Amino acid sequence: MKVPLRARLLTAQQRRSPAYTIVGKTANESPALRRKLAVPTRGPATLLTGRVPKSVAVDWIDADLPGRRLAVRRYRPRHPASAARPVLVDFHGGGFVIGDATLKDWFNGQLAARLDAVVVSVNYRLAPENPFPAAYDDAVDATAWAAAAAEQWGGDPSRIVVLGDSAGGNLAAGVALAAANGTGPRLCAQVLLYAAVDLAGQYPSSVENAHAIMMTAEEADAFPWHYVGGHDRADQRISPLLAPDHRGLPPAVIIAAEHDPIRDQSPAYARLLRAAGVPAWQSTYAGAAHGFVSAPGLYPTAVHALTEVSDILRRLLSTTSTPGGGET
């Protein structure tokens, strides 16, 4: 199924310009690219990126972590809570180099409304100024911070979910592994949206989608270089799929996009988790490209992905027993 015409038309000019790609950029040039690709959170841009529901309040708070402070974007339903709310800890995408906590405003706001949850999206440190393991350490520490602070926001520290897209999905999966190994709070679920879970492997989708509109295979390789450099990419903090043991991980909701060079990593990770006894739901959305849940105005399937994620999380958060995973 083809990518929607409006998505192809709106990205065509950007794809033709070398100014808008990470490929060939030096470490000194990457911050300028970050500014160039920043997405406005107001005005006409929200016709493409969506808006936070009016029923959800958004503010910025600080996460005081050991030796550093991170900005966190918080989404909370405006109506009084009837019980302590689950807490979703989100890590944005951007190849570890670009992006910020506003990227999934629509998606996170919708999750807060649909699940009656508190969502906190973390502005973790970006490469190349902050190379590995900075982002990973930020993700692990911020999740522990969120669990410790949850009650202050009317949240339930026993119902913590990690969520991430692309590079953020890599971080969320890494946090889940750390938690299973005793570092951090117990997690109820992990949501991985077109996540880069194997930075060392090669998959057929990187050939099939070598020139995909939102991220090419060359870009998928270039972004992590600024983050991991020469570090061993088989390190499970970099490639969660390559961890030696996946038993005990929280249930996983794994979303992939058809037109994405890293598409095949998602079903591969789902199969691996199921083999380890971890419930995993995995869907690949036809006609979608990398980053599609952040652009509901371009990709109608973003709404379907939102519904799938929220429906599964609602079941996981409302019961102490874990149903079996499935695949669509």
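Let's start with one lysine, K25, which sits in the loop between α1 and α2. Keep in mind as you look around that this is a predicted model. K25 is buried, yet it has no salt bridge. The nearest side chain of opposite charge belongs to E29, and that is 5.9 Å away. A salt bridge here needs a nitrogen and an oxygen within 4 Å, so the 5.9 Å to E29 doesn't make the cut. What does K25 touch, once you leave out residues up to four places away in sequence? Its contacts are P18, A19, S30 and H226.

Now let's turn to the open spaces. The largest pocket has a volume of about 1400 Å³. It is lined by 46 residues, and the closest to its centre are L37, A38, V39, L103 and M214. Several helices each give two or more residues to this lining: α1 (5-16), α2 (30-36), α3 (46-49), α4 (105-115) and α8 (217-228). Which of the elements gives the largest share? That is α1, with four residues. If you sort the lining of the largest pocket by class, you get 20 nonpolar, 16 polar and ten charged residues.

There is also an enclosed space to find. A search of the whole structure turns up one cavity of 30 Å³ or more, and the volume of the largest cavity is about 30 Å³. Its lining is made of V140, T143, V175, A178, A179, T183, G184, P185 and L187. Two helices, α5 (134-149) and α6 (167-180), each give two or more residues to that lining, and α6 gives the most, with three. By class, the cavity lining has six nonpolar residues, three polar ones and no charged ones.

Helix α6 turns up again when you look at helix α9, which runs over residues 265-275. The buried residues of α9 are Q265, S266, P267, A268, Y269, A270 and L273. What covers them? The cover includes α6, along with the strands β6 (189-193), β7 (252-259) and β8 (280-289). Just after α9 comes G277, which takes a positive phi of about 85°.

That brings us to the backbone. Most residues other than glycine have a negative phi, and most peptide bonds are trans. With that in mind, have a look at S166, which has a positive phi near 55° and is not a glycine. You'll find S166 in the loop between β5 (155-165) and α6, and with a relative accessible area of 8% it counts as buried. Y194 also has a positive phi, about 35°, without being a glycine. Its place is the loop between β6 and α7 (204-208). Is Y194 buried or exposed? It is buried, with a relative accessible area of 2%.

The peptide bonds have something to show too. The bond from A127 to P128 is cis, with omega near 5°, and P128 lies in the loop between β4 (118-122) and α5. The bond from F132 to P133 is cis as well, with omega near 10°, and P133 is also in the loop between β4 and α5.

Last stop: charged pairs. Side chains of opposite charge can pair when their charged atoms come close. How many salt bridges does the model have? The count comes to 18. One of them joins the side chains of D59 and R76, at 3.9 Å from N to O. Because D59 lies in strand β1 (residues 56-65) and R76 in strand β2 (residues 68-77), this pair ties together parts that are 17 residues apart in sequence. D59 is partly exposed, at 26% relative accessible area, and R76 is partly exposed at 27%.

Another salt bridge brings together D165 and K104, at 2.4 Å from N to O. This pair links distant parts of the chain, with D165 in strand β5 and K104 in the loop between β3 (85-91) and α4, 61 residues apart. Both D165 and K104 are buried. D264 and R263 form a salt bridge too, with their closest N and O atoms 3.0 Å apart, and both of these residues are buried. Finally, R68, R125, D138 and D141 are joined into one network by salt bridges that share partners.

Notes
Residues are numbered from 1 along each chain as its sequence is written. This is a predicted model: local features need pLDDT of at least 70, side-chain atom pairs count only at pLDDT 80 or more; totals for chains, interfaces and linings use all residues. Side-chain values use heavy atoms; hydrogens and water are left out. On a 1 Å grid over the protein atoms alone, a cavity is a set of points where a 1.4 Å probe fits but cannot get out, and a pocket is an open set with protein on both sides within 12 Å along at least five of seven lines; lining residues have an atom within 4 Å of a point. Grid points are joined across faces, edges and corners, and a volume is the space filled by probe spheres set on the points. Ala, Val, Leu, Ile, Met, Phe, Trp, Tyr, Cys and Pro count as nonpolar, Asp, Glu, Lys and Arg as charged, and the others, Gly among them, as polar. Buried means under 20% relative accessible area, exposed over 50%, partly exposed in between (1.4 Å probe, protein chains only). Lys and Arg count as positive and Asp and Glu as negative; His and the chain ends are not counted. Contact means heavy atoms within 4.5 Å.
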